[in-house]
Amino acid sequence: MEVRTRFAPSPTGYMHIGNLRTALYSYLHARKNKGKFILRIEDTDQARLVADSIRVIYDSLAVTGLEHDEGPDKGGPVGPYVQSERRAIYKEYAERLLSEGHAYRCFCEKDEKTEKQPDEEQEGPLLGYDGRCNRLSEAEVKENLAKGRPYVIRQKIDREGQTSFNDFVYGLITVDHKQLDDQILLKRDGYPTYNFANVVDDHLMGITHVMRGCEYISSTPKYILLYRAFGWSIPEHIHLPHILNEAGRKLSKREGSVALSDFLEKGYLPEAILNYIALLGWNPGTEQEYFTKAGLVEKFDIARIGRSPAIFDEKKLSWLNGQHLKAMKPEDAHKLFLKFYPEKIVTALDVRKLSGLIQSKVEKPADILGMVSFLSELDEYPMELFVNKKNKTTPESSRAVLTDLKSILSGLTSWEYAVIYAAVNSCAEAKGSKIGPIMWPLRIALSGLAVTPTGAIEIAELLGKDETLRRISVGIGKL
RNA sequence: GCCCCCAUCGUCUAGCGGUUAGGACGCUGCCCUUUCAAGGCAGAGAUCAGGGGUUCGAAUCCCCUUGGGGGCGCCA
């Protein structure tokens, strides 16, 4: 049987990174098995519709390359792929359940106190609906209907017994019916609940593998009961462990980055993001960690999805991003870096050359500004930077070196790497010194920083002769 | 409160009855070098949450405890 997976997001206005991982796994499983990956929009909550958020979903899938085979924008044999356009379908199936005795109309008011009373003397009444409308006589139902009283349709669940299902990653899950309640299938406004629409759509769309967050585990038995009531075969259920933040809590908008767009803005590459989140809850069984998207498709296997929650570690993402950045074509890296260079530098320097110099050093493009801003603006820096133990530099030696360098460099008629290097090197030879003690003060004078993304000669070349000499003078002035 | 799930270095993880408990990020040091970085190498870091069993033998199987997460919506 052909594998068919789906990604079924709600239009919330942003792409949660945990959601993206669900999409990724669904995509990978479909591609790996030469199956189909379907996009379905779950917009059944009219109160929470966020304008234009379907766009966000399309854009997210496009930028990460998780192309779907069927969906609202692409069509397909089992559409429509937007739930709000499938209301007639849900109504039809809800009525079928009604007529076959698996569901009933409930006329209770929204705010009515209708919680199931606990069997024993328990504390909370938190057991859901008590099923009172299930006990309405036929005459009462007819009367309510005649009066035009609004109603919802609820699933009828026996209070006795238990229901199990075999989750592909969590194994056998059994829930006692006492824990279940007669959940709403069709809301008063005619829209289905997630619980109902999901089952109907997954069946009608021929989904073979249902992947979703593990928060749905507890309610899956209700869905199983629905499948059985309809006489439908049950797809494979693959629940995924959560991704947590550093505090060990659910990734939330309040605490740091959660949306794909947050990471994209920092300059993380879509492929690096995919690579990283793929590893949060899955591993290839080998020691490989660097994966291109194609590599993931090749190696992905749902059998190696884990069960324990993972904490999102941006440091590792950053490292992985650096790996992907190194593998990029220089011109592509340059194009990306260009978005992060300050205007002043773009106009004043050979940024193409700069990109080439820093490509292997950058991990997170958002850090670029801090790495290169010294090139356009020499900030105040402490004289102590000239002191370096390893190179045995002191303020005195630095002053001497800079003074020599100033006169040697000012005499140069050409300003390119080899020429500058030769000049600096001759200065070292004249002093009978290694090159380190010369380079150190030069680099400090040119950057005012203990740490720079590239060496002294490269900086001098980038800066140009005039600015280089000016900065050397500034340095001498400090010593 | 009731139910479900999870538990190996700080973090991501390998492990699926017998291993010196492996790898990666991060951290530390060394080498290389034109400083830092990058790269190469090395090191520190896990009484496998705790306690009981089962077994000749348990990180691996079972039970309890603890900790964490999730569910109990006319949200998804």
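This talk covers how the protein sits around RNA strand B, then one helix pair, in a predicted model.

Start with the RNA. The protein has 65 residues around strand B. Which come nearest? Glu289, Tyr417, Trp440, Arg443 and Thr452 do.

Now the strand's side of this. Take the atoms of RNA strand B within 4 Å of the protein. Of these, 67% belong to sugar or phosphate, and the rest belong to bases.

Three polar contacts, one at a time. The side chain of Thr44 has an N or O atom 2.5 Å from a phosphate oxygen of RNA strand B. Gly281 uses its backbone: an N or O atom there lies 2.8 Å from a phosphate oxygen of the strand. Leu279 also uses a polar backbone atom, which is 3.2 Å from a sugar or linking oxygen of RNA strand B.

Which elements give two or more residues to this surface? They are β6 (171-176), α5 (194-204), β11 (310-311), α10 (314-326), α16 (417-431), α17 (436-447) and α18 (456-463). α10 gives the most, with 4 residues.

And the chemistry by class? The surface near RNA strand B has 25 nonpolar, 18 polar and 22 charged residues.

Next, the helix pair. Helix α3 covers residues 87-99, and helix α6 covers residues 220-230. Their axes come within 11 Å and cross at roughly 75°. Angles from 65 to 115 degrees count as roughly perpendicular, so α3 and α6 are roughly perpendicular to each other.

Who meets whom? From α3, Tyr93, Arg96 and Leu97; from α6, Leu226, Ala229 and Phe230. By class, that contact has 5 nonpolar, no polar and 1 charged residues.

Methods: Residues are numbered from 1 along each chain as its sequence is written. Chains are lettered from A and ligands numbered from 1 in the order in which they are written. This is a predicted model: local features need pLDDT of at least 70, side-chain atom pairs count only at pLDDT 80 or more; totals for chains, interfaces and linings use all residues. Side-chain values use heavy atoms; hydrogens and water are left out. A residue is near a molecule or strand if one of its heavy atoms lies within 4 Å of it. A polar contact is a pair of N or O atoms within 3.5 Å; within protein, one must be able to donate a hydrogen and the other to accept it, and residues adjacent in sequence count only if both atoms are side-chain atoms. Ala, Val, Leu, Ile, Met, Phe, Trp, Tyr, Cys and Pro count as nonpolar, Asp, Glu, Lys and Arg as charged, and the others, Gly among them, as polar. Axes are lines fitted to C-alpha atoms, for helices over the stretch in contact, and angles run from 0 to 180 degrees between N-to-C directions. Angles under 35 degrees count as roughly parallel, over 145 as roughly antiparallel, 65 to 115 as roughly perpendicular and the rest as oblique. Contact means heavy atoms within 4.5 Å.
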